[in-house]
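Work through the following exercises with the sequence and the coordinates open side by side. Each task is followed by a solution that proceeds in steps.

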Amino acid sequence: MNDASATPAGPVLSSTERVNTLSHFHRAEIARMAGWRDRLDRTTNWAITVVAAMLSVSLSTASAHHGVLLFAMLLILLLLWIEARRYRFFDFYRARVRQFERHYFAQIFSPQPDFASDWLLIVGEGLRAPKFLLSQRAALARRLRRNYIYLFLILLLAWVLKISTPSLQVGGAGTGFVGSLRYAVDSAALGPIPGMVIVVGVAAFYAWLFAIVLFASGGDGELTFGDVHV
């Protein structure tokens with residue numbers, strides 16, 4: 001009986017060829033991971049630039065409308081969504097690099113006799129049919145918790161300052177804060193939309209953000225090992 005169908009279809013590599021293949025593949029995966037890491041940094045830099053520019057426009061003169069800060073919140077939300085998508089790619093390649101580090105190089109530098117894993121099979125299947133390891137929602141929560149919640153808080157504080165300080169509003173007089181909460185709410189009006197609707201909308205938006213930060217699931221996968229994470 002012909003047993004050719006039971007033999008591996010791939011080439012049979014010597015130990016030297018196997019080591020060389022793993023080494024080159026590891027370097028290639030690091031390059032991919034570094035490329036997506038650079039894209040993450042660029043998106044974060046864009047977000048910081050947007051926040052700085054909008055704060056400068058809104059708080060530098062009383063003629064600037066507080067809606068500029070609301071628009072900035074939408075822009076930062078868009079950049080957060082884009083960065084979450086990029087983070088999914090980064091997480092995919094980072095997990096593959098970490099498999100090499102934990103299961104191959106760590107065993108060379110510090111062997112553990114009882115350490116066994118089918119990580120090469122996982123890598124092989126990932127090459128045949130690449131699949132994201134992280135959902136868009138989880139990626140968004142992770143990036144929000146790491147960086148973007150601080151940008152949103154800065155915008156919120158600037159918006160509250162804008163609507164509660166008469167000297168930062170058109171026709172405002174004097175210095176200091178408004179004398180009543182009602183005046184601040186009325187100052188939050190945006191065109192035909194009453195101030196109360198805007199305040200409730202902003203409060204709901206930030207409640208959603210804080211819910212993501214506080215109640216999103218913790219790290220899993222490679223994030224469960226060590227504390228050096230992105």
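## Exercise 1: Overall layout

Task: establish the order of the elements and how much of the protein is buried.

Solution. Read from the N terminus, the elements of the protein follow the order α-α-α-α-α-α, where helices (H or I, at least four residues) and strands (E, at least two) are DSSP runs numbered from the N terminus. The protein thus holds 6 helices and 0 strands. The model is a predicted one, in which local features need pLDDT of at least 70 and side-chain atom pairs count only at pLDDT 80 or more, while totals for chains, interfaces and linings use all residues. Residues are numbered from 1 along each chain as its sequence is written, and side-chain values use heavy atoms, with hydrogens and water left out.

Next, take burial: buried means under 20% relative accessible area, exposed over 50%, and partly exposed in between (1.4 Å probe, protein chains only). Of the 230 residues, 35% count as buried. The protein exposes about 13900 Å², of which carbon and sulfur atoms supply 64%; accessible areas come from the Shrake-Rupley method with a 1.4 Å probe, and for residues only the protein chains shown count as cover.

Finally, consider contacts (heavy atoms within 4.5 Å). Among those in the protein with a separation of 6 or more, 76% are between residues 24 or more positions apart.

## Exercise 2: Salt bridges

Task: locate the salt bridges of Glu29, Glu83 and Asp91, and decide for each whether the partners lie in one helix or in two.

Solution. A salt bridge is a side-chain nitrogen of Lys or Arg within 4 Å of a carboxyl oxygen of Asp or Glu, and a search of the whole structure finds 10 of them.

- Step 1. Glu29 and Arg32 meet in a salt bridge with an N to O distance of 3.4 Å. Both lie in helix H1 (residues 15–59), 3 residues apart, about one turn of the helix. Glu29 is buried at a relative accessible area of 1%, whereas Arg32 is partly exposed at 41%. Glu29 and Arg32 also belong to a network of salt bridges together with Arg96.
- Step 2. The closest N and O atoms of Glu83 and Arg143 are 2.9 Å apart in their salt bridge. This pair links distant parts of the chain, with Glu83 in helix H2 (residues 67–109) and Arg143 in helix H4 (residues 136–164), 60 residues apart. Glu83 is buried at 0% relative accessibility, and Arg143 is buried at 2%.
- Step 3. In the salt bridge of Asp91 with Arg142, the closest N and O atoms are 3.7 Å apart. Asp91 lies in helix H2 and Arg142 in helix H4, so this pair ties together parts that are 51 residues apart in sequence. Both residues are buried.

## Exercise 3: The nonpolar cores

Task: find the largest nonpolar core and state which helices supply at least two residues of it.

Solution. A nonpolar core is a set of buried Ala, Val, Leu, Ile, Met, Phe, Trp, Tyr and Cys residues joined through side-chain atoms within 4.5 Å. The largest has 40 residues, and those with the most contacts inside it are Ile76, Leu144, Tyr148, Phe152, Leu155, Trp159 and Tyr206. H1, H2, H4 and helix H6 (195–215) each supply at least two residues of this core. Leaving aside neighbours within four places in sequence, Phe152 is in contact with Met73, Ile76, Leu77, Leu80, Leu144, Phe205, Tyr206 and Leu209. Apart from this core lies another, of 5 residues, among them Leu22, Phe100, Tyr104 and Val123.

## Exercise 4: A loop histidine

Task: is His66 buried or exposed, and which residues are in contact with it?

Solution. His66 is found in the loop between H1 and H2, and His66 is buried, with a relative accessible area of 5%. Beyond its neighbours within four places in sequence, His66 is in contact with Trp159, Lys162, Ile163, Ser187, Ala188 and Ala189.

## Exercise 5: Aromatic pairs

Task: what is the geometry of the pair formed by Tyr87 and Phe90?

Solution. Rings of Phe, Tyr and Trp (its six-membered ring) pair if their centres lie within 6.5 Å; planes under 30 degrees apart count as stacked, over 60 as edge-to-face and the rest as tilted. By this rule the count comes to 12 aromatic pairs. Tyr87 and Phe90 form a tilted pair, 5.8 Å centre to centre with 45° between the planes. Both lie in helix H2, 3 residues apart.
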